[in-house]
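This report describes a single protein model for a reader working at the bench. Please consult the sequence and the three-dimensional view alongside the text.

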Amino acid sequence: MGAPMNAAQGAGTDPRTALVLFSGGQDSTACLAWALSRYAQVETIGFDYGQRHRVELQCRGVVRQALTDAFPAWGAKLGEDHLLDLGLLGQISSTALTEARAIEMQANGLPNTFVPGRNLLFLNLAAVVAYRRGASVLVGGMCETDYSGYPDCRDNTLKALQVALSLGLATPMTVETPLMFIDKAQTWALSEQLGGAALQAIIQEHTHTCYLGVRDQRHEWGHGCGTCPACELRAQGWLRYRAAA
Ligand code: ZN
């Protein structure tokens with residue numbers, strides 16, 4: 001899934017337009033920075049599916065603005081944001097992400113935060129928007145390294161989807177997942193490489209990952225309850241990154 005480089009565009013900029021699945025969280029912010037460092041034009045898409053951690057939707061505009069302010073060259077490439085209303089997803093699934101239920105493991109080994117096929121649905125919808133916007137690259141923060149076991153985050157799932165989308169739309173649609181084979185500590189290292197301390201400060205202060213939507217507790221790694229699975233992953237990743245630095 002490597003992106004072709006066009007030297008004529010200067011500085012290795014890929015001339016294609018990328019559409020980034022951007023939730024306002026740590027991982028998708030790293031993906032947005034990754035796309036802004038590569039592609040000539042970048043747009044963002046988000047989904048409102050009645051998630052309990054809806055506060056992340058409010059972080060999206062704040063993060064986009066902070067990136068534009070701190071990195072003017074990226075700001076010049078950052079185009080429209082698309083927010084899709086997916087209330088439908090809350091109607092057809094019943095999970096701890098969309099209802100007031102405790103987060104726990106289910107008998108099938110998946111946490112009950114699992115919204116079945118959520119990423120497949122998101123990428124299909126993103127592809128429709130990308131087609132209309134003339135974008136041919138979809139960028140998502142899916143990861144099989146320390147993901148929570150979600151089968152629709154797996155590399156082969158997404159490669160199959162890339163083929164299906166390209167055939168079904170009769171136009172090349174590349175699915176890029178820069179975080180697929182790196183862990184949370186390496187994601188911090190990637191953000192350092194892409195935008196240094198300025199980017200890391202934006203991720204710490206303005207992104208949201210906590211499943212419970214807690215924003216009034218500030219840790220070194222960012223805001224969150226500190227105990228839900230998303231906070232634990234984020235905190236452990238930061239500690240490992242700091243230990244290796
Ligand atoms: Zn939390």
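In this predicted model, Val 175 has a relative accessibility of 1%, and because buried means under 20%, this residue counts as buried. Val 175 belongs to strand β5, which spans residues 174-176. Its C-alpha lies 8.7 Å from that of Leu 123, although the two residues are separated by 52 positions in sequence.

Leu 123 is also one of the residues through which helix α5 touches helix α6. The two helices, residues 118-133 and residues 155-169 respectively, have axes that come within 11 Å of each other and cross at roughly 35 degrees. The crossing of α5 with α6 is right-handed. On the α5 side, the contact is formed by Leu 120, Leu 123, Asn 124, Ala 127 and Tyr 131; on the α6 side, by Thr 157, Leu 158, Leu 161, Leu 165 and Leu 169. Sorted by class, eight of these residues are nonpolar and two are polar, while none is charged.

A second buried position is found in helix α7, residues 184-206, which contains Thr 187. Thr 187 counts as buried because its relative accessibility is 4%, below the limit of 20%. Leaving aside residues up to four places away in sequence, Thr 187 touches Asp 27, Ala 30, Leu 179 and Ile 182. The two positions are set out below.

| Residue | Element | Relative accessibility |
|---|---|---|
| Val 175 | strand β5 (residues 174-176) | 1% |
| Thr 187 | helix α7 (residues 184-206) | 4% |

The model also contains a zinc ion, whose protein donors are the SG atoms of Cys 210, Cys 225, Cys 228 and Cys 231, at 2.3 to 2.4 Å from the metal. Along the sequence these donor residues follow the spacing C-x14-C-x2-C-x2-C. What is the geometry of the site of the zinc ion? The angles among the four donor atoms run from 107 to 116 degrees, and the site is tetrahedral. For reference, the ideal angle for four tetrahedral donors is 109.5 degrees. Among the donor residues, Cys 225 and Cys 231 are buried.

Finally, the protein as a whole may be considered. The fold comprises eight helices and seven strands. Of its 245 residues, 53% count as buried. Among contacts between residues at least 6 apart in sequence, 67% join residues that are at least 24 apart.

Definitions and conventions: Residues numbered from 1 in each chain as written. Predicted model: local features only at pLDDT ≥ 70, side-chain atom pairs only at ≥ 80, totals over all residues. Heavy atoms only, no water. Axes fitted to C-alpha atoms, helices over the stretch in contact; angles between N-to-C directions. Left-handed = near helix turned anticlockwise from the far one by under 90°. Contact = heavy atoms within 4.5 Å. Nonpolar A, V, L, I, M, F, W, Y, C, P; charged D, E, K, R; others polar. Donors = N, O, S within 2.8 Å, 3.2 Å for Na, K, Ca; no water. Tetrahedral: all angles 85-135°; square planar, octahedral: opposite > 155°, others 65-115°. Buried < 20%, exposed > 50% of the residue type's maximum accessible area, 1.4 Å probe, protein only.
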